[in-house]
Amino acid sequence: MLVPLRLAVLIVLFFALPAGAADRTIYLTFDDGPLTGTNNILDVLEAEQVPATLFMVGMHAQASALNKALVQRAKRMPLVTIGNHSYSHAYNHYRHFYGDTEGVVADMLRANAALGLKPVGPCTAAGARRVQAALDVEERHFTRTGRRGP
């Protein structure tokens, strides 16, 4: 009895899931590049015509001529979006890095220059302080209650 039931479930899933999956969207992102595997990722995205966003680190982009070329290649691909993932990647000291609002803004602006990106909206130290103040309120709330949200 168990084998026919499994077979029936598989048949139903086989025919039902593709129709439902057409209504869903998957956002494909890659962080921290350009790195060793970025060329392979771009090859696959291009061959399969898959849209994706690559969040790149400015320091990595400037590390070599190959990495600079990878950034330029990705920017030329119509289905690829390049995102700013900072210049320094916080040197992996996140708490200290994000405690300095002006430093974060400067790091992001430096990454924009390294990646050849333009800010979409206003990016000022005053704006960053407002965001940081909102995050501080949420962090204090989270610490006090053990959960996010009001």
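This passage walks through the overall layout, the backbone, one helix pair and one aromatic pair of the structure shown above.

The model is a predicted one. The protein contains seven helices and three strands, and along the sequence these elements follow the order α-β-α-β-α-α-β-α-α-α. Of the 150 residues in the protein, 25% are buried. Contacts that span long stretches of sequence are well represented: among those between residues at least 6 apart in sequence, 64% join residues at least 24 apart.

The backbone offers a few places worth a pause. As a reminder, most residues other than glycine have a negative phi, and most peptide bonds are trans. Against that background, the peptide bond from Gly33 to Pro34 is cis, with omega near -5°. Pro34 sits in the loop that runs between β1 (29–33) and α2 (38–48). Asp32, a residue of strand β1, has a positive phi near 80° although it is not a glycine. The side of the story that concerns solvent is intermediate for this residue: Asp32 has a relative accessible area of 25%, so it counts as partly exposed, since that value falls between the 20% limit for buried and the 50% limit for exposed. A positive phi, about 55°, is also found at Gln49, again not a glycine. Gln49 belongs to the loop between α2 and β2 (52–56).

Attention now turns to a pair of helices. Two packed helices are described by the angle between their axes and the distance between the axes. For α2 and helix α4 (residues 65–76), the angle is about 15° and the axes are 10 Å apart. Because an angle under 35 degrees counts as roughly parallel, α2 is roughly parallel to α4. The crossing of these two helices is left-handed. On the α2 side, the residues that meet α4 are Thr38, Asn39, Leu42, Asp43 and Glu46, and their partners in α4 are Leu70, Arg73 and Ala74. Sorted by class, this contact between α2 and α4 holds three nonpolar, two polar and three charged residues.

Leu70, in helix α4, deserves a closer look. With a relative accessibility of 4%, Leu70 counts as buried, because this value is under the 20% limit. Leaving aside neighbours within four places in sequence, Leu70 is in contact with Thr38, Asn39 and Leu42, and also with Pro34 and Leu35. Pro34 is the residue that follows the cis peptide bond from Gly33, so the picture of the loop and that of the helix pair can be read together here, given that Leu70 touches Pro34 and is buried at 4% relative accessibility. The C-alpha atoms of Leu70 and Gly33 are 9.3 Å apart in space, while the two residues are 37 residues apart in sequence.

Finally, the aromatic rings. A pair of aromatic rings is described by the distance of the centres and the angle of the planes. The count for this protein comes to one aromatic pair. That pair is formed by Phe97 and Tyr98, with 4.8 Å from centre to centre and 85° between the planes, an edge-to-face arrangement. The two residues fall into separate accessibility classes. Phe97, at 11% relative accessibility, is under the 20% limit and therefore counts as buried. Tyr98, at 41%, lies between the 20% and 50% limits and therefore counts as partly exposed.

Terms used:
Residues are numbered from 1 along each chain as its sequence is written. This is a predicted model: local features need pLDDT of at least 70, side-chain atom pairs count only at pLDDT 80 or more; totals for chains, interfaces and linings use all residues. Side-chain values use heavy atoms; hydrogens and water are left out. Helices (H or I, at least four residues) and strands (E, at least two) are DSSP runs, numbered from the N terminus. Buried means under 20% relative accessible area, exposed over 50%, partly exposed in between (1.4 Å probe, protein chains only). Axes are lines fitted to C-alpha atoms, for helices over the stretch in contact, and angles run from 0 to 180 degrees between N-to-C directions. Angles under 35 degrees count as roughly parallel, over 145 as roughly antiparallel, 65 to 115 as roughly perpendicular and the rest as oblique. A crossing is left-handed if the near helix is turned anticlockwise from the far one by less than a right angle, and right-handed if clockwise. Contact means heavy atoms within 4.5 Å. Ala, Val, Leu, Ile, Met, Phe, Trp, Tyr, Cys and Pro count as nonpolar, Asp, Glu, Lys and Arg as charged, and the others, Gly among them, as polar. Rings of Phe, Tyr and Trp (its six-membered ring) pair if their centres lie within 6.5 Å; planes under 30 degrees apart count as stacked, over 60 as edge-to-face and the rest as tilted.
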